[in-house]
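Dear colleague,

I am passing on a structure for you to look through, together with some notes on its salt bridges. Please keep it open beside this message while you read.

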Amino acid sequence: MNEKSELQENYSKAYILAVLTSSWLVTIALFINPTIGLKLFSIIMLIPGLLSIIFVKILHKNSKTKLAHFAKKVSATSLLFGILYPLFFVIFCILIGIITGIGELNIQIMFTIKDTITTTISITATIFGVLGEEYGWRGYLLPELTKIRGKTNSTIIVGIVWALYHVPAVYLLARATGSSNPLIVCFIQACAIFTLSFPFSYCFYLSKNMLPVILFHSIWNALNTIILGDIYRNEQGIIGGNLIFLNGEGLIGLILGTCLIYWFIKQFKKDESRARKL
């Protein structure tokens, strides 16, 4: 490992330590009063992005580098993937839930939600919070690690960090909202988030532009919570059932996401093999 690579790795380790420590401490501080925690927990979404700005400023002196992942050309493939993957993933979760009897159509909620308007507003509203997360995970950490660790190993590392980042918030939210099994909710959700790291990385690698990934994350947050329920707040969605099993960040999402990991790893290896030949 040359001096530049060693520097990148050291900064990546420092970033991981900083983002986990600060996000955990802020989350715990917020939930000293559960009422405040329930209202304000989403501010932790800003921490990865804010810290990445500091680390990019230190590591890359060129100001253009800070916006590099917004300036690159966005491919149609990456945009389509960012839109269609979360959509079809949620559809498959619905089908599995209904076929297995885990989920059922929640008519009462369905008639109280104006689907198109609500979904559009939710996607738009979450973009700002999602930007804070994604600028950290896929805007800074993933590309820095990829230079020294490759696509698969970098995705695994980011997936572990991303999962750990959610742990205190999910656990404390589960306790505050009266979930009967907060530890189980926390464990399953963290594992599901790890599996989501692979399609998110794939979406980023398609054009190395942040916009498709931000769109992906926003659509996922909106569709998953509106249709399959909000596992964070323990609230039912249009398809009702036990959120630990039914949700896209629950058991069904974990199983489906795990089944798809092999395909994504195969694509990463193909891309790296092709790049070595050039």
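Which side chain does Glu9 meet in a salt bridge? Please bear in mind that this is a predicted model. In it, the side chain of Glu9 meets that of Arg149, with 2.7 Å from N to O. This pair links distant parts of the chain, since Arg149 belongs to helix α7 (residues 115-176) and Glu9 to helix α1 (residues 3-30), and their positions lie 140 residues apart in the numbering. Arg149 has a relative accessibility of 39% and therefore counts as partly exposed, whereas Glu9, at 10%, is buried.

The search of the whole structure found seven salt bridges, and two others among them are worth setting beside this pair. Arg138 and Glu134 also meet through their side chains, at 2.7 Å from N to O, and because they are four residues apart in helix α7, about one helical turn separates them. Arg138 is buried, with 0% relative accessibility, and Glu134 is likewise buried at 0%.

In helix α11 (residues 251-277), Arg274 and Asp271 are three residues apart, which is about one turn of the helix, and their side chains form a salt bridge of 3.0 Å, N to O. Both count as partly exposed, Arg274 at 48% relative accessibility and Asp271 at 23%.

Finally, there is a network to look for: Glu9, Lys13 and Arg149 are joined into one by salt bridges that share partners.

With best wishes

Notes:
Residues are numbered from 1 along each chain as its sequence is written. This is a predicted model: local features need pLDDT of at least 70, side-chain atom pairs count only at pLDDT 80 or more; totals for chains, interfaces and linings use all residues. Side-chain values use heavy atoms; hydrogens and water are left out. A salt bridge is a side-chain nitrogen of Lys or Arg within 4 Å of a carboxyl oxygen of Asp or Glu. Helices (H or I, at least four residues) and strands (E, at least two) are DSSP runs, numbered from the N terminus. Buried means under 20% relative accessible area, exposed over 50%, partly exposed in between (1.4 Å probe, protein chains only).
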